[in-house]
Amino acid sequence: MADTQRFRVCKKGIQLYFILATVWEAVSGQIRYSIPEEMQKGSIVGNIAKDLGLDIKELSDHGVHIFSTGRTQYFALNLKSGHLITTERIDREQICGRIEKCLLIFEVLVEDKVKLFAVETEITDINDNAPSFQAKELELKISEITAVGTRISLQEAQDPDVGINSIQSYQLSNNKHFSLDVQTGSDGVKYAELVLEKSLDRETQTVHKLTLTAADGGDPVRSATAQIRVVVVDANDNAPLFTQPVYKVSVLENAPRGSLIITIHATDRDEGQNSEVTFSFRKITEKASQIFQLHPRTGEISTVGDLDYEEAALYEMEVEAKDIGDLSARCKVLITVIDVNDNTPKIAMTSLFNSVSEDSPPGTVISILNLRDGDSGQNGEVTCSIP
């Protein structure tokens, strides 16, 4: 065998089939399907035999196999009908989270023809999740000297669905002191702010009760409500201020639990109790909340769970600093996870021909190997050789 056939490089994200031959036909064509999420196990995705141009009676003879890079095999081939069917309930939110276009990609190997076909299945969203508020009741303390026009951030409703099926509107119950202003962030997510329309007078009314409603755009529309209790208190006229709007930090994925990641700082120009600031996560994913904790007094963010670059390379969260009067400020925290070489390359025998005729010409296919390394970049490069 020529020296040039002895070394191949495999990089993360690409299944490279190492062949002991010079004759090989690469991935030939791509098949695309689209199905809604939450289909029942055993549902038909498409007639893959027909799309591959194969006779149903010949499926077993051709040695047709499905290979997936994911941990869960969601599809199987029905050799009797030629249909591609689902083997698991497919939850788009669990697989792709907030990603707008959710794709499951696998490959079909026609063994006797030594051909690979890439199959791309898009999982479309259905409105199977209703909006929800983390807290059903929210208490706000607002000074009676707060200026008309002051804006107060309200908690966002969560909806795992995407597009039109996610949060589309917020509404506030009728009252003469407050209005609601709905904004759309750079990421397309809508959030609501309470706007003071009329001056407050603690001696006249000490508590205002409001209802906040969040609704999605599905059909039918789904919604959720939260009760807001506004307590009018005396003078606290300065909101906290972060030392910077965005905090960025990098951390190795093998950092042990309890590691201090970053400390955020906010100050309040008021005095006494009115200058005391507490920190909390205002926006954080469920996954990130299991890995990071924020000290409410010191602003220290540390790890309580294990980091894994292969699962998430970047965490983005929003931190709120609030004083005793519920005046607040927000900042973003970006935590970049640095990859370390913590995954061992794996070799899987995809196909092996048990016998070879002695008169087989040079270039005859003997075996197909599948090589993978869970790391990325240089840590994911694998050198293959035959001693």
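In the predicted model, E139 is partly exposed, with a relative accessibility of 39%. E139 is joined by a salt bridge to R229, with 2.7 Å between the closest N and O atoms. R229 is likewise classed as partly exposed, at a relative accessible area of 36%. The arginine belongs to strand β16 (residues 223-233) and the glutamate to strand β10 (residues 137-143), so the salt bridge ties together parts of the chain that lie 90 residues apart in sequence.

The chain as a whole contains four helices and 28 strands. Of its 387 residues, 42% are buried. The exposed surface amounts to about 21400 Å², of which carbon and sulfur atoms supply 49%. When contacts between residues at least 6 apart in sequence are considered, 66% of them join residues at least 24 apart.

Confidence varies along the chain. The mean pLDDT is 83, and 87% of the residues reach 70 or more. Over residues 1-28, however, pLDDT stays under 50. The model has 77 contacts beyond four places in sequence for this segment. Where pLDDT is low, the predicted coordinates should not be read in detail.

Side chains of opposite charge can pair when their charged atoms come close. In this chain the count comes to 17 salt bridges. Another of these is formed by R151 and E193, whose closest N and O atoms are 3.0 Å apart. R151 is located in strand β11 (residues 151-153) and E193 in strand β14 (residues 190-196), and the two are separated by 42 residues. The partners fall into separate exposure classes: R151 is partly exposed at 44% relative accessibility, whereas E193 is buried at 11% relative accessible area.

A further salt bridge connects R330 with E318, with the closest N and O atoms at 3.6 Å. Here R330 lies in strand β25 (residues 328-338) and E318 in strand β24, twelve residues away in sequence. R330 is partly exposed, its relative accessible area being 31%. E318 has a relative accessible area of 13% and therefore counts as buried, since the limit for that class is under 20%. Through shared partners, salt bridges combine R151, E156, D181, E193, R282, E318 and R330 into one network. Both R151 with E193 and R330 with E318 thus belong to this network.

R330 also has an aromatic neighbour: the arginine lies over the face of Y191, at 5.4 Å from the ring centre. R330 accordingly takes part in the salt-bridge network and sits over a ring.

Pairs between aromatic rings were considered next. A pair of aromatic rings is described by the distance of the centres and the angle of the planes. The count of such pairs in the chain comes to three. One of them, formed by F292 and Y315, is edge-to-face, with 5.1 Å centre to centre and 75 degrees between the planes. F292 lies in strand β22 (residues 292-294) and Y315 in strand β24 (residues 314-323), so that the pair links distant parts of the chain, 23 residues apart. Both rings belong to buried residues: F292 has a relative accessible area of 2%, and Y315 one of 5%. Strand β24 thus holds Y315 of the aromatic pair as well as E318 of the salt bridge to R330.

How values were computed: Residues are numbered from 1 along each chain as its sequence is written. This is a predicted model: local features need pLDDT of at least 70, side-chain atom pairs count only at pLDDT 80 or more; totals for chains, interfaces and linings use all residues. Side-chain values use heavy atoms; hydrogens and water are left out. Rings of Phe, Tyr and Trp (its six-membered ring) pair if their centres lie within 6.5 Å; planes under 30 degrees apart count as stacked, over 60 as edge-to-face and the rest as tilted. Buried means under 20% relative accessible area, exposed over 50%, partly exposed in between (1.4 Å probe, protein chains only). A charge sits over a ring if NZ of Lys or CZ of Arg is within 6 Å of the ring centre and within 35 degrees of the ring normal. Contact means heavy atoms within 4.5 Å. Accessible areas come from the Shrake-Rupley method with a 1.4 Å probe; for residues, only the protein chains shown count as cover. pLDDT is the predictor's confidence in each residue, from 0 to 100. A salt bridge is a side-chain nitrogen of Lys or Arg within 4 Å of a carboxyl oxygen of Asp or Glu.
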